[in-house]
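Visitor: I'm new to this one and a bit lost. Could you pick one spot, take me in close, and then show me what lies around it?

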Amino acid sequence: MIQTKSKNILFYILMFLLALIMIFPFVWMLSTSFKFDSQVFTTPIEWIPNPVNLNNYVKVWTEEPFFTYYKNTIFVAVGATIGQVIISAMAAYAFSALEFRGRNLLFSLYLATMMVPWHTIMIPQYKIISQMGLTDSHYALILGQLASAFGIFLLRQFFMSVPRELMEAARIDGASELRIFSQIMLPLAKPAISTLVIFSFVQVWNDYTAPLIYLNSKEKYTIQLGLTFFQSEHTMQYTVIMAGTVCALIPILIIYMLFEKHITNGMVHSGLKG
Amino acid sequence: MMKKIVTVVLLVCITFGTLAGCTKNGSVNSGSTDESGKSDSGSGKVTINYYAWSEGNYLQDIVDAYNKQSTVAEIKMTQVNSSDYDDKLITMLSGKNDIDVFNLRSGAMVSELAASGKLADISPYIQANGLDVSVYGTGFTETQTDNKFYSLPYRASAYGLFYNKKIFDEKKMDYPNNLTWDEYTKLAMELTTGEGTDKFYGSYIPDWNTCIYEALQKGSNLADDDLTPLQIWMERLNQFYNIDNSHLSYTDMVSAGTDPINFFVTGNCAMYPGGEWTISDVLAMLKNDPKLEETFELGIAMVPQADGAAEPVTVGGVSTFVVLNVTSEKQEAAYDFMQFLAGKEAAKIVAGYGAIPAYIDDDVTKIFEETIGVDGASNMLDLNKIPEALFIPKYTAITNMYKEELELYLIGEQSIEDTIKNFEERRVELSK
Amino acid sequence: MITKRRKKELTGWLFVMPSLIVFTLFMFLPIILGFWYSLTDYTGLSDQYNFVGLSNYVKLFQDRYFKVSIKNNLIYAGLYSVLTMLLALVLATLLNGLKRFRKIFRMAFFMPYISSMVAVAIIWKMIFNPNGGPLNTVLLNIGIANPPKWLASTDWALIAIVIVSVWKSCGYYMLIFLAGLQNIPETLYESAALDGAGKIARYFKITLPMITPTIFLNLVLVTINSFQVFDLVNVMTKGGPGMSTNVLSFRIYYEGFKNSSMGYASAIAYFLFAVILIITGFQFLIEKRWVNYD
């Protein structure tokens, strides 16, 4: 019908406009990475740089050991993401499908850690971690990331919507909790786990504060930390920083594309289907 | 099968944690937990950990120069992004750390940390090495607490009036020279033209600049009981920003996030009063984008003076210090580096980058003038200087308060009387 | 012989153990220590400090900046949570109904969340520029005579921060909603359609009730996050102009790291913690009334 077709087209136009609003800073980032300093702050905003400056990308990779930063960040992000998924899933399973005394209290305590403002535990945490000799180490960053209640909360909610009968049946059949966890729960929670993988990776990848506090040696720096070397006391090299940021975005986009398809299994769900 | 895999992964995780504790213990503290005096580079030299912020490349050159000529120590420098340096430093000092020597950016911070027992008293080392600290001027010798020295200065600051020669050439006007603040105010207004997006400003004073020029030149400061000089300066700022509109207004600066150096060099204003760091930032920007030299040429004049000033005086003096961590186990060797950093060799390197060292003599001045290559550069070094901040622990907090109240006044939320009153009240609160 | 019950308990603790270890080290112990500091006059610098009991907490209520910060936080939290939840839900629903270009659109909506804060701050400052920035230019063109001065105005700065915040994080909550929407079996929709239920009826009678666990999850998360906003404020306004965007987390940072009053800063922090705890606790209490886990 003609009417539905034009409704459809309108719909897609709306979506397109929305998408534009969402990505315009990224477009600006990309465009600035090809500019000269004098073109950055013009009014009105110059979207297509003219002339084009390819030097910023060269600077990013040559003036600073960007490749080392990249390697370090990958190591920390992958380690932290894998670690977080495993221990969050285990804890979430305990909080949703297992019963033990103090379960709900412990869960509340975990949840409460998300409510404490970061700046107030920054120094106490450093005191403890430094006494253990973990400073200037990537392991401090990875372990710190594992102590995040968000993943546990997220997975617990999803685990709770898995029908109890499935698990009960397996228990009656004599399966161990470990088996139920790995062979029933985890596969069913693929969307939730994929979501956690993406969030966890993004958060570690973009994290600035923990690397700042815990890393001292330049050869251990992560990308976010490394980029700040293009800032001086009173000003910064905007164009180069944007080029570096664009380069830094690529792995996130890759992880997103890899895992995103597990979040939605390709079937169209919603009441909008005619 | 699944079970085995999961169990193995679990074990790996737990081992992760424990191994992390064991292995890192060895490699992290190799710098400072060695018995003092013992070497780890096999040449009798001790490794000293030096923390600084991302100042300029002169620091790396100084470290390299020192390492080459020293038989006592090998410096390992860690530089942190300038705006995060303070936070990281405070955090590290609160726990176990490997810092031996580090930089501080104000005298107030030196006295605060000294009062908190974090700094080593270096007076014995100064005496033992026969260092004559009077070479740094009275601004530094007055900073002793209980006759003890806790820092050595290695950089000084000086405020000047920078301007774009090409703008004055275009308008066929004389370059600014020996202005009073009143004359400067008039000149800024004269130079301002246009409206809206085409507006060209006479001058520019950044919102983060808390230097109370005129008040300091009259001998006052933020801790003064008599707040009249401060009030006069604040009202003058209001004139610049809101009445004459000769300077980009406070609200505009804050809302548009303008970068001052970028603003000045790309030709949006004719003048720019600021600190000596402006020179190296401007030169760096010109180097990056040489096309800008078609419309911009740096001029340096003396900073405007207060009315009736007997002798011209600028704001500045020793501004950046190096200090010794009280927990360092290699104090003698660390001091050797401190003295080098505050000495003639390092001063020549600093001057070679267009920054002002704390140690100044004729050779250093010559190098400075040659590097800048702009007339009037010696203005920054020769003049009498008044320090911008007092060497007392609470001065940073007082400056923060001043900035908060000033902002409310400049955006029109508070009258000048209320601003002064609030500032005074909060100052009293602080000293309780 | 371990009883079945003991075995059950043991299994539970075993699953929780790895996280418990890291949490104790990185969270529980520091939190307790932080709370201890709130009862002292610790400056953050000196190792000497005195126990002062609850005087930091008393000081809170006489501090005029504190009162302003709470007000700002409540306004921000209210606006941010409602707008973000709505926008995220709408986006997730729209995306789910797309037939073509789904992947590209989903990625586009997620982009703000992964963009660097530095870039976001710079570009949005340019957009909000009261003189000649795109936003006000558009507003003027559609006939609004005196558009707000956004980040330069004490009335509108907080709203501007809310706008950027909602824009930046809706992709995050949207993704969670998307994951939740997958759990709904297709058969439910089919049988409802057979029964003659229209699109809107199916949405309200099937979709929404089925994703109540996800809504609850997002509600708790958005509440907690709305009280902890820091990076955006730090980068865009530093609490200004005046005190209009001075939120509690910024106050904590400022008092602790810039004014050397770490003890006092901790008191603010634990007060904030109590507020979030009460609100979240309330949400959990009424959870059973509207969330169905099936």
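Guide: Sure. We need one yardstick before we start: a residue is called buried if 20 or more other C-beta atoms lie within 10 Å of its own, exposed if there are 12 or fewer, and partly exposed in between. Keep in mind that this is a predicted model.

Let's put the yardstick to use on our spot, B:N178. This residue has 10 other C-beta atoms within 10 Å, so it counts as exposed. You'll find B:N178 in the loop between α7 (165-170) and α8 (181-191) of chain B. What caught my eye is its backbone: B:N178 has a positive phi of about 50 degrees, although it isn't a glycine. For background, most residues other than glycine have a negative phi.

Now hop over to chain C for a companion case. C:W150 isn't a glycine either, and it has a positive phi of about 45 degrees. It also sits in a loop, this one between α6 (134-141) and α7 (157-181) of chain C. Is C:W150 buried or exposed? It's buried, because 25 C-beta neighbours fall inside 10 Å. So we have B:N178, which is exposed, and C:W150, which is buried.

Let's go back to chain B and see what surrounds our loop. The chain is built with 19 helices and eight strands. Of its 432 residues, 47% are buried. If you take the contacts in chain B with a separation of 6 or more, 75% of them come from residues 24 or more positions apart.

One strand of chain B is worth following along its length: β7, residues 313-324. Of its 12 residues, 11 are buried, so you can think of β7(B) as mostly covered. Several other strands pair with it. Strand β3 (residues 101-104) of chain B runs antiparallel to β7(B), and four bridges join the two. In that pairing, B:N103 has B:V322 as its bridge partner in β7(B). Strand β4 (residues 151-164) of chain B also pairs with β7(B) in the antiparallel sense, over seven bridges. There, B:S151 is matched with B:V323 of β7(B). Strand β8 (residues 384-386) of chain B pairs with β7(B) in the parallel sense, over three bridges. Look for B:V315 standing opposite B:I386 in β8(B).

Chain C, where we met C:W150, has 14 helices and zero strands. Its C-alpha atoms fill a box of roughly 80 × 75 × 30 Å along the principal axes. Of the 294 residues in chain C, 49% count as buried. Among contacts in this chain between residues at least 6 apart in sequence, 70% join residues at least 24 apart.

Chain C also has a partner. On the chain A side, 68 residues are in contact with 76 residues of chain C. The elements of chain A that give two or more residues to this side include α1 (2-32), α3 (66-97), α7 (149-159), α10 (190-206) and α13 (238-263). What sort of residues make up the side of chain A that touches chain C? They split into 47 nonpolar, 16 polar and five charged.

Two of those helices also pack on each other. The axes of α3(A) and α7(A) are 8 Å apart, and the helices meet at an angle of about 50 degrees. That angle is why α3(A) counts as oblique to α7(A). The crossing of α3(A) past α7(A) is right-handed. Among the residues making the contact are A:Q84, A:S88 and A:Y93 of α3(A), along with A:I152, A:R156 and A:F159 of α7(A). By type, the residues of this contact divide into nine nonpolar, four polar and one charged.

Let's finish inside chain A, with A:I198 in helix α10. Our yardstick works here too: A:I198 is buried, because 25 other C-beta atoms lie within 10 Å. Setting aside neighbours within four places in sequence, A:I198 is in contact with A:I255, A:Y256, A:F259 and A:E260. And if you'd like one more landmark, A:V76 is 122 residues from A:I198 in sequence and 14 Å from it in space, C-alpha to C-alpha.

Terms used:
Residues numbered from 1 in each chain as written. Chains lettered and ligands numbered in written order. Predicted model: local features only at pLDDT ≥ 70, side-chain atom pairs only at ≥ 80, totals over all residues. Contact = placed C-beta atoms within 7 Å. Nonpolar A, V, L, I, M, F, W, Y, C, P; charged D, E, K, R; others polar. Pairing = 2+ DSSP bridges. Axes fitted to C-alpha atoms, helices over the stretch in contact; angles between N-to-C directions. Parallel < 35°, antiparallel > 145°, perpendicular 65-115°, else oblique. Left-handed = near helix turned anticlockwise from the far one by under 90°.
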